[in-house]
Amino acid sequence: MADIAKLVEELSKLTVMEAAELAKALEEEWGVSAAAAVAVAAPAGGGDAGAAAEEKDEFDVILTGDGGKKIQVIKEVRAITGLGLTEAKALVEGAPKALKEGVNKAEAEDVKAKIEAAGGTVELK
């Protein structure tokens, strides 16, 4: 168990690009995608938690703040949304604002992880 905690700690130090490369390498090695793993893991939640997760299949990703790291968050917002610098800056400065609307859970969690890794705060609705 301590080895798992140590591995999680090391993985949390990865940059977004390094994490994406790791995910791709794992997909190639084992022939599975992160989205497939999430879909398989969801029913294992069991009981009412599993039923609640099945009911909600579209999420809105709301940027709630930049966490004092505005430049890093703007860069990540640009990468996620494809917005230009001015538009991304306005979105970050105008938080809370929607980054993505009506996305599946896997994509919502991915966007949330990327923004949080950059230092921002995100809420899923």
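**Exercise 1. Salt bridges around helix H6**

Task: In this predicted model, state in which helix Lys89 and Glu93 lie and how many residues apart they are. Then find the network that salt bridges build from them.

Solution.

Step 1. Locate the pair. Lys89 and Glu93 both belong to helix H6, and 4 residues, about one turn of the helix, separate them. An α-helix has 3.6 residues a turn, so residues three or four places apart point the same way.

Step 2. Check the distance. A salt bridge requires a side-chain nitrogen of Lys or Arg within 4 Å of a carboxyl oxygen of Asp or Glu. The closest N and O atoms of Lys89 and Glu93 are 3.0 Å apart, and the two residues form a salt bridge.

Step 3. Look for another partner of Glu93. Glu93 also forms a salt bridge with Lys70, where the closest N and O atoms are 3.0 Å apart. This pair links distant parts of the chain: Lys70 is in helix H5 and Glu93 in helix H6, 23 residues apart.

Step 4. Classify the exposure. Buried means under 20% relative accessible area and exposed means over 50%, with partly exposed in between. Lys89 has 37%, so Lys89 is partly exposed. Glu93, at 43%, is partly exposed, and Lys70, at 33%, is partly exposed.

Step 5. Combine the pairs. Through shared partners, salt bridges join Lys70, Lys89 and Glu93 into one network.

**Exercise 2. Another salt bridge**

Task: How many salt bridges does a search of the whole structure find? Describe the one between Glu10 and Lys13.

Solution.

Step 1. The search of the whole structure finds 6 salt bridges.

Step 2. One of them joins the side chains of Glu10 and Lys13, at 3.4 Å from N to O.

Step 3. Compare each residue with the cut-offs used above. Glu10 has a relative accessibility of 42% and therefore counts as partly exposed. Lys13 has a relative accessible area of 53%, so Lys13 is exposed.

**Exercise 3. The order of the sheet**

Task: Give the strand order of the open sheet, and say which strands are the edge strands.

Solution.

Step 1. The open sheet has 3 strands in the order S2-S1-S3, and the pairing is antiparallel. The edge strands are S2 and S3 (121-124), each of which pairs on one side only. From one strand to the next, the twist averages 20 degrees.

Step 2. Follow the pairing of S1 (residues 59-65) with S2. These strands run antiparallel and are joined by 4 bridges. Val61 has Lys100 in S2 as its bridge partner, and Phe59 has Val103 in S2.

Step 3. Follow the pairing of S1 with S3. This pairing is antiparallel too, with 4 bridges. Here Leu63 stands opposite Val122 in S3.

Step 4. Judge how enclosed S1 is. Of the 7 residues of S1, 5 are buried, so the strand is largely enclosed by the rest of the structure.

**Exercise 4. Gly102 and residues distant in sequence**

Task: Which residues does Gly102 touch, not counting residues up to four places away in sequence?

Solution.

Step 1. Gly102 is part of strand S2 (residues 97-103).

Step 2. With that sequence limit, Gly102 touches Glu58, Phe59 and Asp60. Glu58 is 44 residues from Gly102 in sequence, yet their C-alpha atoms are 4.8 Å apart in space.

Step 3. The relative accessibility of Gly102 is 35%, so Gly102 counts as partly exposed.

**Exercise 5. The nonpolar core**

Task: Which residues have the most contacts inside the largest nonpolar core, and which elements give two or more residues to this core?

Solution.

Step 1. The largest nonpolar core has 17 residues, and Val61, Leu63, Val77, Leu99 and Ile115 have the most contacts inside it. The elements that give two or more residues to this core are S1, S2, helix H5 (70-81), helix H6 (85-93) and helix H7 (105-118).

Step 2. Take Leu99 as an example. Not counting residues up to four places away in sequence, Leu99 touches Val61, Leu63, Val77, Thr81, Leu91, Val111 and Ile115.

Step 3. Set this beside a general rule. In soluble globular proteins, nonpolar side chains tend to be buried together.

Note on methods: Residues are numbered from 1 along each chain as its sequence is written. This is a predicted model: local features need pLDDT of at least 70, side-chain atom pairs count only at pLDDT 80 or more; totals for chains, interfaces and linings use all residues. Side-chain values use heavy atoms; hydrogens and water are left out. Buried means under 20% relative accessible area, exposed over 50%, partly exposed in between (1.4 Å probe, protein chains only). Contact means heavy atoms within 4.5 Å. Two strands pair if DSSP finds at least two bridges between them. Axes are lines fitted to C-alpha atoms, for helices over the stretch in contact, and angles run from 0 to 180 degrees between N-to-C directions. A nonpolar core is a set of buried Ala, Val, Leu, Ile, Met, Phe, Trp, Tyr and Cys residues joined through side-chain atoms within 4.5 Å.
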